Amino acid sequence: MPLFPLSTVLFPDGVLPLQVFEVRYLDMIGRCLTDDTPFGVVLLTQGHEVRLPNGEQERFVASGTIASVTETTATTPGLLQVVCRGGSRFNVVTAEQRLNGLWMAEAELVEDDHAVRIPSELQGASDALDRVLASLHDVPQHRWPVQPPFRMDDCGWVANRWCELLPLPNQQKHHMLMLDNPVIRLELLHDVLDEHGLITS
């Protein structure tokens, strides 16, 4: 699977808009579209998203999220606007960089979150998210930071949306991403929301 190291964390069911102009990634997106295959998004820890002459070697966290291309728009020659949707999480087993700079990895999928109904003591996190979505009624839906289907009663889904919306450090977001218990993930996010006065009784 090809990898796209980015200074952001993609969550399952999350939406990721990209501007693609490097040849290695234009080729990668082209192959993904032709073969109907995904790529992996991993968090960059060293180097830059764009290759620089004599730049630092890229390093990234060895786990991430599968991304599927849902929309492409070519507005300018050599520039591709891409919208992706997050899928399953994965761990990188081995990775190597090709001559064109593209990273290829052998990866193992991580089990998806089990659907867990939100317990009453954490319902405030879902209610707060509902208020955020209600505030977007004048914004075209395709520009919303959260896209349907909405699963407002599911611990993992609500926690993941708050991870995307809150200005948390990327390393903390990645830690949240890879937690295997969606209830614990939501508990941690509920505490953050409460600290910022976003939970109403």
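## A tour around helix α3

Helices α2 and α3 are oblique to each other, and they make a good place to begin in this predicted model. Select α2 (residues 123–134) together with α3 (155–165), and look along the line where they meet: their axes come within 10 Å and cross at roughly 55°, in a crossing that is left-handed. To see the contact itself, show the side chains of A125, S126, A128, L129 and V132 in α2, which meet W157, V158, R161, W162 and L165 in α3. Sorted by class, this contact has eight nonpolar residues, one polar and one charged.

Keep α3 selected and add α5 (182–195), the next helix to be packed against it. The axes of α3 and α5 lie 8 Å apart, with an angle of about 45° between them, which makes α3 oblique to α5 as well. Here too the crossing is left-handed. On the α3 side the contact is made by C155, G156, V158, A159, N160, W162 and C163, and on the α5 side by P182, V183, R185, L186, L189 and L193; these residues divide into 10 nonpolar, two polar and one charged.

Now colour α3 alone by burial. How many of its 11 residues are buried? Nine of them are, so that the helix is mostly covered, and the buried stretch consists of C155, G156, W157, V158, A159, N160, R161, W162 and C163. Among the elements that cover these residues are α2, α4 and α5.

Move next to α4, residues 170–178, and pick out its buried residues, K173, H174, M176 and L177. They cover an arc of only 160° around the axis, which is why they are found on the same side of α4. If you display the surroundings, what covers these residues includes the strands β3 (39–46), β4 (59–76) and β5 (79–97), along with the helices α3 and α5.

For the last stop, select F11, in the loop between β1 (2–6) and β2 (15–20). Is F11 buried or exposed? Its relative accessibility is 0%, and F11 therefore counts as buried. Leaving aside residues up to four places away in sequence, F11 touches T65, G86, N160, R161, C163, E164, K173, M176 and L177, and several of these names will be familiar, since N160, R161 and C163 are among the buried residues of α3 and K173, M176 and L177 are among those of α4. Finally, draw a distance from F11 to H190: the two are 179 residues apart in sequence, yet 18 Å apart in space, C-alpha to C-alpha.

Technical notes. Residues numbered from 1 in each chain as written. Predicted model: local features only at pLDDT ≥ 70, side-chain atom pairs only at ≥ 80, totals over all residues. Heavy atoms only, no water. Buried < 20%, exposed > 50% of the residue type's maximum accessible area, 1.4 Å probe, protein only. Helix = DSSP H or I, 4+ residues; strand = E, 2+ residues; numbered from the N terminus. Arc of directions from axis to C-beta. Contact = heavy atoms within 4.5 Å. Axes fitted to C-alpha atoms, helices over the stretch in contact; angles between N-to-C directions. Parallel < 35°, antiparallel > 145°, perpendicular 65-115°, else oblique. Left-handed = near helix turned anticlockwise from the far one by under 90°. Nonpolar A, V, L, I, M, F, W, Y, C, P; charged D, E, K, R; others polar.
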